[in-house]
Amino acid sequence: MIKKIQFDVDKYNFINIFEKYFDEKLYKLHSKLVFERKFSETAGGTEEFEVLTKTYDKLITKPIFKKLWVSFVVDVVKPYFDNRPILIQKLPSFRIFPSKHSVKYVNKITEGYNKHLDSEPPYYHPEFETNFWLPLIECDFLNDFYYHDLEKDWYRRADTRIDELFVFGSGIVHGNRVHNESSNTRCSLDFKALALDDYDTNLLTDQIVLKRGKKFKQKEWYSTKHYYMEI
Ligand SMILES: [Fe+2]
């Protein structure tokens with residue numbers, strides 16, 4: 001299941017918030033910021049970059065961002081679930097894929113891509129979640145998000161504009177190139193959501209999930225206590 005949802009990018013201008021914060025165009029971030037290494041090999045992709053930790057502390061967890069996030073959820077995400085009550089990630093994940101940088105977050109690279117399902121280790125995401133991905137730059141084929149198109153049985157780019165939200169089911173294999181050969185840095189937001197009715201604790205286990213260096217049981221982590229908020 002694949003869908004693109006259009007939204008008012010002037011109203012929900014995450015790009016502007018981030019560009020003001022960095023005082024730089026997002027696609028040029030590699031020329032402004034120092035990324036610790038050229039190659040990252042972690043479960044969380046780029047989560048290890050110090051700049052990301054800082055961006056969460058100084059921007060994403062602050063009221064100005066949270067307010068916009070919640071309105072976006074109500075106006076853009078909830079209609080996807082027919083405006084029923086939903087569970088959604090408390091805050092979206094912000095990713096930076098720096099130009100000429102490599103990020104590996106799967107055990108085995110497939111044809112140069114980080115192809116994976118989020119239900120696989122080490123994420124252990126519940127299969128009742130739907131995935132949402134939101135580009136914060138106009139991507140090119142070198143730095144785009146890629147997924148397996150089941151209809152045509154080929155691995156293709158999401159080709160999603162900055163005023164679109166890319167939606168895909170938990171069974172869709174996805175993952176970008178390991179090497180960003182583009183001259184542009186890609187920034188994006190992503191998050192998981194589900195209709196509250198689809199939350200099923202019977203599908204959650206005692207499997208240990210590693211989150212920010214801490215261990216949680218899968219059934220503890222994927223709950224409103226830690227991961228979701230209800231809207
Ligand atoms: Fe993923």
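**Exercise 1. Identify the bridge partner of S93 in β10, and describe the pairing of the strands around β10.**

Step 1. S93 has D190 as its bridge partner in β10. Helices (H or I, at least four residues) and strands (E, at least two) are DSSP runs, numbered from the N terminus. The model is predicted: local features need pLDDT of at least 70, side-chain atom pairs count only at pLDDT 80 or more, and totals for chains, interfaces and linings use all residues. Residues are numbered from 1 along each chain as its sequence is written.

Step 2. Strand β4 (residues 93-97) runs antiparallel to β10, and five bridges join them. Two strands are said to pair if DSSP finds at least two bridges between them.

Step 3. β6 also pairs with β10 in the antiparallel sense, over six bridges. Here D190 is the bridge partner of W133.

Step 4. β3 and β10 run antiparallel and are joined by three bridges; L87 has L194 as its partner in β10.

**Exercise 2. Determine whether strand β10 is largely enclosed or not, and give the reason.**

Step 1. A residue counts as buried if 20 or more other C-beta atoms lie within 10 Å of its own, as exposed if 12 or fewer do, and as partly exposed in between; C-beta atoms are placed from the backbone.

Step 2. In strand β10 (residues 186-195), eight of the 10 residues are buried, so the strand is largely enclosed by the rest of the structure.

**Exercise 3. Describe the hairpin of β7 and β8 and the phi of D153.**

Step 1. Strand β7 (residues 146-149) and strand β8 (residues 154-157) pair in the antiparallel sense over four bridges. Y147 has R156 as its bridge partner in β8.

Step 2. Four residues lie between the strands, and D153 takes a positive phi near 50° in this hairpin.

**Exercise 4. Locate D23 and N83, and state their phi values and exposure.**

Step 1. Most residues other than glycine have a negative phi, and most peptide bonds are trans.

Step 2. D23, in the loop between α1 (14-22) and α2 (29-32), has a positive phi near 55°. D23 is exposed, because 7 other C-beta atoms lie within 10 Å.

Step 3. N83, in the loop between α4 and β3 (86-89), has a positive phi near 60°. N83 is exposed, because 9 other C-beta atoms lie within 10 Å.

**Exercise 5. Characterise the peptide bond between P121 and P122.**

Step 1. The bond that joins P121 and P122 is cis, with omega about 0°.

Step 2. P122 is placed in the loop between β5 (102-104) and β6 (130-135).
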